[in-house]
Amino acid sequence: MAIGHFPVPAMLLTLRGRMNKPMASRIVPAAKHTPIVFVFVFLTLSVCFSVSSNKSTDPAPAPWPLQFHSILFMNYSGALEIIDLWYDWPNGRNFNIMQDQLGEVVYDLEWNNGTSFVYTLDAPKRCWTAQLEVGILRPNWLDGANYLGQEKVDGFLCNVWEKVDFIWYYEDVVTRRPVHWRFYTGRTAHVMTFEVGAVLEDTNWQGPEYCFVNKTGIDSTLHKPEIASMRPDGIPRANMRLSI
């Protein structure tokens, strides 16, 4: 499958959907990808219950607050970035304001209907859009993660979980706030602030008009390879179609 002119691997298109699902709902028979998967999940429910009951004493990660604001320090092989993250589940929206080191500010606005707008506000003004098959992460997207034990990271004693061999999630043992997460690529997020209940004003959630109507003088291309870096939830942006 492709978005615009860019091929999109099936794993990347469905990744957020996988992260939004508990482990049991992702069990499928080998070489089977038909609606029979629902029957298979039902038949294996007792097995899953038995496995989970053996781990009933393991701690579970706290669900994300329905609304919060967080500042994240991202590091990917020395490439540094600050992300100003606003999560707003009741209104079905998520906003990443991304600042590369000594670089431009890029705005990544996501909606629960799968629509995403990635744009700049400074000249040259640019925007690209995407329509994904799934929306933003659910508050309980970590359900079914595998508990790995405790580890001290960034000066905090944390419980650690892994999910779908994609993300390792570190949560403070005492406060249960997220402290750190790491992706299979080696990219890391360090949680600098975490404000539960903080909400960004509605006027800031509207994408600029040039995301919807092409106008003379508006550059609708984004060529910089660093713009293709990953969101805090690990979903790449490189395969989005440029708005024209």
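I started with one bridge: D108 has V118 in β7 as its bridge partner. A note to myself before going on: this is a predicted model.

Next I looked at the strands around that bridge. Strand β6 covers residues 105–111, and it pairs with β7 in the antiparallel sense over four bridges. I found that β6 and β7 form a hairpin with three residues between them. In the turn sits G114, and its phi is positive, about 95°.

Then I turned to the other partner of β7. Strand β8 (residues 127–131) pairs with β7, again in the antiparallel sense, over five bridges. Here I noted that F117 has T129 in β8 as its bridge partner.

Is β7 buried or exposed? I checked residues 115–119, and five of the five are buried, so the strand is largely enclosed by the rest of the structure. I also looked at which way they point: T115, F117 and Y119 go one way, while S116 and V118 go the other way.

My last search was for disulfides, and the whole structure gave one. It joins C127 and C211, with the sulfur atoms 2.0 Å apart. The two cysteines are 84 residues apart, so to speak in distant parts of the chain: C127 is in strand β8 and C211 in the loop between β13 and β14. I read a torsion of about 110° about the S-S bond, so this disulfide is right-handed. Both C127 and C211 are buried.

One more cysteine went into my notes: C158 has 0% relative accessibility, so I count C158 as buried too.

Notes: Residues are numbered from 1 along each chain as its sequence is written. This is a predicted model: local features need pLDDT of at least 70, side-chain atom pairs count only at pLDDT 80 or more; totals for chains, interfaces and linings use all residues. Side-chain values use heavy atoms; hydrogens and water are left out. Buried means under 20% relative accessible area, exposed over 50%, partly exposed in between (1.4 Å probe, protein chains only). Two strands pair if DSSP finds at least two bridges between them. A disulfide is a pair of cysteine sulfur atoms within 2.5 Å.
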